[in-house]
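Got your viewer open and your selection tool ready? Here's a walk through some helices, a few loops and a handful of odd backbone angles.

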Amino acid sequence: MKQLKVIVLGGGQRGQIYTNVMATLPEQFSVVGVAEPGEANREYIRQKHNIPAENCVTSWEQLLNRPRFADVAIISTQDKMHYAPAMKALELGYDLLLEKPVAPTAQECMDIWQQAQRYGRKVMVCHVLRYTSFYSKVKELLASGVIGDVMNITHTEGVGNLHQSHSFVRGNWGNEGRSACMLLAKSCHDLDLLQWLMNDDCDHVHSFGSLRYFRSENAPEGAPERCIQGCPHADTCYYNAVKLYLEDQKNLWFRGAATGMVEPSDEDVRHALENTQYGKCVYKCDNDVVDHQVVNLEFAKGGTVSFTMSAFNKGGRKSNIMGTRGEMFLDFEGDEIKIFHFDTRQFEIIHTRTGAVSGHGGGDDGIVRALYDYLTGVKTADEVSEIGISCRNHLLVFAAEQARHEKSVVDTKTFQQSFVR
Ligand SMILES: NC(=O)c1ccc[n+]([C@@H]2O[C@H](COP(=O)([O-])OP(=O)(O)OC[C@H]3O[C@@H](n4cnc5c(N)ncnc54)[C@H](O)[C@@H]3O)[C@@H](O)[C@H]2O)c1
């Protein structure tokens, strides 16, 4: 079995998730380099993989200004920092595991795709949901024709009110100028899934949505700039940062992101609440991404999809897939595929998970395994979320955003052609 050598550029949450999975697959992967400015994160990865000191650096340029010394580069820096390391790593001959979004603009996505073709490299984009047992089963069932031809899908991505406040109001993805629009940052997974499940090309798209709630005019009377400054609404506000970050000791995701540390102390969290965006009143941040959005899609063979993203729920993905022989109800978080068969008029229920699963319903683990299969030729490009497929799906996101801003219907073919050089 060939062992692939890996370097990771951006050793934050995602970089650690993928390299932690690789540590469980020592015959397939060996992590031999890390570029990460945060000392605690860099040190965590160094120790976990016993990486030589000369390959542990503070910025990606320091690993990519040398000749290639590994097979694969994981690009898991923030959204606006994928482009430069991806272009350089491809030029050096690395294959890539590239975090989504590929890049924040359509042109940059196309450039990365073309660079991969120019240097003959393989790039897999982290559309992790495709690699879950759940959606793999749904895809398999649709291909088997169990509900006949798919006519239309309604799909909802419930972001969850707390996840929205953490990531898309206070956090890294709240402001489009700093990262990307909501549809790209969060829902590019959904548009990828929907095109994959429809197994067809989307022809037309329109979209509506806005930032309606997490705005300064909705701040309650007398709320200070930071929750830690003694807010009179502390007991009743769902978004009280002191409660969410300081008092909830178990929420390592929130505490880790707020401090940039793997195991922060209360002191570290308090410091973050006093000094970073994570301590701000949720109504007084610099967020501008939408908190609810709908996208309607028309496909080449006439199928339609209606997609809703919303912050105002517990969180979770649910879908209803309607076919000529039956109907499928999907509850991703509940791990339930419920099929109504037209012939028997009976329901059939399928569960896909056995035991504990890794993050994203097992997708974080699944994508690392699929990466190995793709890079060693066991899987072909059209069996994975490779760069060409992912770029076409990202272009759909950009087309939907154009439609939302213009309040128009966008012809996706014409839109895509405008980016082909
Ligand atoms: N596939 C998914 O489901 C999924 C889920 C969450 C996030 N993401 C994406 O993954 C990416 C990373 O997100 P994250 O949550 O890990 O963020 P993060 O902030 O935890 O990690 C990014 C890391 O990049 C590091 N960095 C900054 N400058 C650098 C440089 N010059 N060289 C090397 N590293 C540098 C930061 O210090 C940070 O640790 C983002 O693009 C995000 O949108 C994908």
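**A stroll through the predicted model**

Start by selecting Thr-412, which sits in helix 15 (residues 412-417). Keep in mind that you're looking at a predicted model. Is Thr-412 buried or exposed? Its relative accessibility is 1%, so it counts as buried. Show what surrounds it: apart from neighbours within four places in sequence, Thr-412 is in contact with Cys-202, Asp-203, His-204, Val-205, Leu-396 and Ala-399.

Now step back to Lys-407, in the loop between helix 14 and strand 15 (410-411). Check its backbone: phi is near 50°, a positive value in a residue that isn't glycine. Lys-407 counts as exposed because its relative accessibility is 64%.

Keep going back and pick helix 14 (residues 387-406) along with helix 5 (residues 106-118); they pack at an angle of about 170°, and their axes are 10 Å apart. How do the two run relative to each other? An angle over 145 degrees counts as roughly antiparallel, and helix 5 and helix 14 are therefore roughly antiparallel. To see the contact, select Ala-106, Cys-109, Met-110, Ile-112, Trp-113 and Ala-116 on the helix 5 side, and Ile-387, Gly-388, Cys-391, Arg-392, His-394, Leu-395 and Phe-398 on the helix 14 side. Colour the contact of helix 5 with helix 14 by class and you get ten nonpolar, two polar and one charged residues.

While you're at helix 5, look at the loop between strand 5 (95-98) and helix 5, where Pro-101 lies. The peptide bond joining Lys-100 and Pro-101 is cis, with omega about -10°.

For another helix pair, select helix 1 (residues 13-23) and helix 2 (residues 39-49), which pack at about 10° with axes 11 Å apart. That angle makes helix 1 roughly parallel to helix 2. Helix 1 brings Gln-16, Thr-19, Asn-20 and Ala-23 to the contact, while helix 2 brings Asn-41, Tyr-44, Ile-45, Lys-48 and His-49. By class, the contact of helix 1 with helix 2 has three nonpolar, five polar and one charged residues.

Helix 1 turns up again at the next stop, helix 11 (residues 252-259), whose buried residues are Phe-254, Arg-255, Gly-256, Ala-258 and Thr-259. Among the elements covering them are helix 1, helix 7 (161-170), helix 10 (241-247) and helix 12 (266-275). Just after helix 11 comes Gly-260, with a positive phi near 70°.

Next, helix 6 (residues 133-144). Try a quick geometry check: at 1.5 Å a residue, its twelve residues should span 16 Å, and the end C-alpha atoms are indeed 16 Å apart. Which residues of helix 6 are buried? Select Phe-134, Tyr-135, Val-138, Leu-141 and Leu-142. These buried residues cover an arc of only 120° around the axis, which puts them on the same side of helix 6. Spin to the other side and you'll find Ala-143 and Ser-144 exposed. Back on the buried residues, the packing partners are strand 7 (150-158), helix 9 (188-198), strand 11 (316-323), strand 12 (326-331), strand 13 (336-341) and strand 14 (346-350). Gly-145 follows helix 6, and its phi is positive, near 80°.

Last stop: follow strand 12 into the loop that lies between it and strand 13, and pick Asp-335. Phi of Asp-335 is near 50°, again positive in a residue other than glycine. Asp-335 is buried, with a relative accessible area of 7%.

Methods. Residues numbered from 1 in each chain as written. Predicted model: local features only at pLDDT ≥ 70, side-chain atom pairs only at ≥ 80, totals over all residues. Heavy atoms only, no water. Helix = DSSP H or I, 4+ residues; strand = E, 2+ residues; numbered from the N terminus. Expected span 1.5 Å × (residues − 1). Buried < 20%, exposed > 50% of the residue type's maximum accessible area, 1.4 Å probe, protein only. Arc of directions from axis to C-beta. Contact = heavy atoms within 4.5 Å. Axes fitted to C-alpha atoms, helices over the stretch in contact; angles between N-to-C directions. Parallel < 35°, antiparallel > 145°, perpendicular 65-115°, else oblique. Nonpolar A, V, L, I, M, F, W, Y, C, P; charged D, E, K, R; others polar.
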